[in-house]
Amino acid sequence: LDVTAPVLSPIPVNDTLEACSNIPTPANITAIDACDAEVTIVLVQDTTSFTNNFNYTIRRTWTATDDSGNASTGTQFIVVQDSLPPVFVITTPDTLFFFTGDNDPDCMVSVGFDITPFVTDCDSNLVITNNLTGQGADYSETLTVGTYTVVFTATDNSNLSSTHAVVLVVRDDTEPIAACINGVSVSLQASGTVTVTPLNINSNS
């Protein structure tokens with residue numbers, strides 16, 4: 001009577017992988033048996049825990065069964081987890097310059113910048129916000145001359161986030177416009193001289 005179960009070859013040790021890493025193919029497990037020269041080995045792979053596509057656990061169970069129904073099992077667990085926040089690549093700008101138009105009396109300019117191409121992560125469905133508007137990654141706004149800081153925050157599906165600040169510098173590139181007036185009214189002083197100041201001729205220019 002055969003009551004001895006087959007003996008499996010060594011099962012791979014449990015492993016932990018970063019999300020989006022290549023999952024190794026299952027090992028080629030063999031078995032020996034005292035009475036059965038050809039032992040049947042069945043591999044079952046399933047998921048024991050699943051939070052999202054970037055955080056889950058794979059279970060691989062090999063079962064060797066001989067002709068007498070004696071069986072041995074071996075199990076390997078592979079934990080896949082996302083532990084890395086989004087990354088703003090090295091080419092992400094820190095400062096952007098904008099200039100008012102030649103004929104813009106309001107000294108304002110429309111600025112715009114999309115941070116999306118400068119963020120990388122295992123999760124392609126990032127949520128990106130900024131501190132100035134509700135537009136998210138694609139920021140745009142009309143600004144007056146001055147310096148502003150827009151802070152972008154990128155968050156992945158594992159709630160890991162990173163920030164990057166971009167300084168926006170708006171400079172006055174609008175030339176002054178001289179205002180023509182019909183004449184200047186001044187008073188002749190007792191000395192017979194007249195004093196003309198910039199205020200006498202600077203009318204809305």
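This report describes the fold, one sheet, one buried acid and two loop residues of a predicted model.

**Basis**

The model is predicted: local features need pLDDT of at least 70, side-chain atom pairs count only at pLDDT 80 or more, and totals for chains, interfaces and linings use all residues. Residues are numbered from 1 along each chain as its sequence is written, and side-chain values use heavy atoms, with hydrogens and water left out.

**Overall make-up**

The protein has one helix and 14 strands. Helices (H or I, at least four residues) and strands (E, at least two) are DSSP runs, numbered from the N terminus. Of the 205 residues, 31% are buried. Buried means under 20% relative accessible area, exposed means over 50%, and partly exposed lies in between (1.4 Å probe, protein chains only). Among contacts with a separation of 6 or more, 59% link residues 24 or more positions apart. A contact means heavy atoms within 4.5 Å.

**The four-stranded sheet**

Four strands form an open sheet in the order β2-β6-β5-β4, and the pairing is mixed. β2 and β4 (40-52) are the edge strands; each has a single partner, so one side of each is left without a neighbour in the sheet. From one strand to the next, the twist averages 20 degrees. Angles run from 0 to 180 degrees between N-to-C directions, with axes as lines fitted to C-alpha atoms, for helices over the stretch in contact. Two strands pair if DSSP finds at least two bridges between them. In general, strands of a sheet pair through backbone hydrogen bonds, either parallel or antiparallel.

β4 pairs with β5 (residues 55-65) in the antiparallel sense, over eleven bridges. These two strands make a hairpin with two residues between them. Across this pair, Val44 stands opposite Thr61 of β5. β5 is mostly covered, with eight of its eleven residues buried.

β5 also runs antiparallel to β6 (residues 71-81), joined by ten bridges. Here Trp62 has Gly74 of β6 as its bridge partner. The hairpin of β5 and β6 has five residues between the strands, and Gly69 in this hairpin takes a positive phi near 85 degrees.

**A buried acid without a salt bridge**

Asp123 sits in the loop between β10 (119-120) and β11 (127-130). Where is the nearest side chain of opposite charge to Asp123? It belongs to Arg60, 22 Å away; Asp123 is buried yet has no salt bridge. A salt bridge needs a side-chain nitrogen of Lys or Arg within 4 Å of a carboxyl oxygen of Asp or Glu. For charge, Lys and Arg count as positive and Asp and Glu as negative; His and the chain ends are not counted. The Asp123 side chain instead reaches the backbone nitrogen of Asn157 at 2.8 Å. Leaving out residues up to four places away in sequence, Asp123 touches Phe54, Asp156 and Asn157.

**Positive phi in loops**

Two residues other than glycine have a positive phi: Cys20 and Asn159. Both count as exposed, Cys20 at 54% relative accessibility and Asn159 at 65%.

| Residue | Phi | Loop |
|---|---|---|
| Cys20 | about 75 degrees | between β2 (15-18) and β3 (31-32) |
| Asn159 | near 65 degrees | between β13 (146-155) and β14 (161-171) |

Terms used
Polar contact = N/O pair within 3.5 Å; in protein donor to acceptor, adjacent residues only side chain to side chain.
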